[in-house]
Amino acid sequence: MGTLGARRVLDELDRARHEVARLTGLSGGTLRLGTFQTAGIQLLPPVLSAFRRASPDVELSVAFHDPQDGITALTHAYEPGEPASFPATLSAEPLLTEELVLVTAPGHALAGGSTRLPLAELAGEPLISMAPDHPARREVEAVPARTGATPSVLVATPGYALVCAPAGAGLGVGVVPGMVARTAASPVGTRLLEAGALGRTISVVHRAGDAAPAADAFRALLRGAFGRARPV
């Protein structure tokens, strides 16, 4: 996210924080949150900070797991891929959609171009793969596989650091969410793929009809942080 995008997020967080401060019933209790790894590390911290400033007496409990009945949770789904399905007791609200991008070793011939990379140019490239052990990634990785990219390193643990690190070391190429590529711990080359090729939508899931003030307040912060901000 660039400087302009980051400033939009901070402005929206500040506006949302003032809205939260006007809500009542936030003087105690526990807000239980579920999240997945990249959201918990890269998206949640400023929202949690804003919530803490507005509601210092509400205890926060954060865990990495899928949404369950009674829990406010961040979850995600890939495109292409099976749409996320939830029990009728849960409601999902999309917050942010981002592209998946190519990650490579720094200086790789496919990285750093000023134009989007046609998927056909992945033919013959070794692929750092999270499938088949990561079911949500199967249809995503089927796209470069159809161009002739061949799995080279299989990552059995669903963690993007284990995709970026071998890609950065020259063992193959990978496709990861844009926010992951921008914050990779090891140096990587990156390239936007052809428009509309691969994406990920982040949603907040909560119990349908849940009127708990703390959960309502937290969802307001999430909307403020990500509802109008787009990766740039």
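## F218 and its aromatic partner

F218 is buried in this predicted model, its relative accessible area being 2%, and F51 is likewise buried, at 0%. One aromatic pair is counted in the structure. This pair is formed by F51 and F218, whose ring centres are 5.7 Å apart and whose planes meet at 70°, so that the arrangement is classed as edge-to-face. Because F51 belongs to helix α3 (residues 44-54) and F218 to helix α7, the pair ties together parts of the chain that are 167 residues apart in sequence.

## The largest nonpolar core

F218 also appears among the residues with the most contacts inside the largest nonpolar core, a set of 54 residues in which L74, V176 and L222 share that distinction. The element that gives the most to this core is helix α7 (residues 213-226), which supplies eight residues.

For L74, once residues up to four places away in sequence are set aside, the residues touched include G34, T35, F36, A39 and L44, together with L95, I202, S203, V204 and L222. L222 is therefore a contact of L74 as well as one of the residues that, like L74, have the most contacts inside the core.

## Helix α4 and its buried face

Helix α4 spans residues 138-146, and its buried residues are V140, E141, V143 and P144. Viewed down the axis of α4, these buried residues fall within an arc of 135°, so they line one face of the helix. The cover over the buried residues of α4 includes four strands, namely β3 (72-79), β4 (90-104), β5 (126-129) and β7 (174-177). Just after α4, the backbone at G148 adopts a positive phi of about 110°.

## E141, a buried acidic side chain

Which residue of α4 has a side chain that reaches the backbone nitrogen of M130? That residue is E141, with a distance of 2.7 Å to the nitrogen, and a polar atom of the same side chain lies 3.3 Å from the backbone nitrogen of A131. E141 counts as buried because its relative accessibility is 5%, which is under the 20% limit.

When neighbours within four places in sequence are left aside, the contacts of E141 are with L127, I128, S129, M130 and A131.

## A charge over a ring

A further side-chain arrangement involves R137 and Y78: R137 lies over the face of Y78, at 5.8 Å from the ring centre.

Key
Residues are numbered from 1 along each chain as its sequence is written. This is a predicted model: local features need pLDDT of at least 70, side-chain atom pairs count only at pLDDT 80 or more; totals for chains, interfaces and linings use all residues. Side-chain values use heavy atoms; hydrogens and water are left out. A nonpolar core is a set of buried Ala, Val, Leu, Ile, Met, Phe, Trp, Tyr and Cys residues joined through side-chain atoms within 4.5 Å. Buried means under 20% relative accessible area, exposed over 50%, partly exposed in between (1.4 Å probe, protein chains only). Helices (H or I, at least four residues) and strands (E, at least two) are DSSP runs, numbered from the N terminus. Contact means heavy atoms within 4.5 Å. A polar contact is a pair of N or O atoms within 3.5 Å; within protein, one must be able to donate a hydrogen and the other to accept it, and residues adjacent in sequence count only if both atoms are side-chain atoms. The arc is that of the directions from the helix axis to the C-beta atoms. Rings of Phe, Tyr and Trp (its six-membered ring) pair if their centres lie within 6.5 Å; planes under 30 degrees apart count as stacked, over 60 as edge-to-face and the rest as tilted. A charge sits over a ring if NZ of Lys or CZ of Arg is within 6 Å of the ring centre and within 35 degrees of the ring normal.
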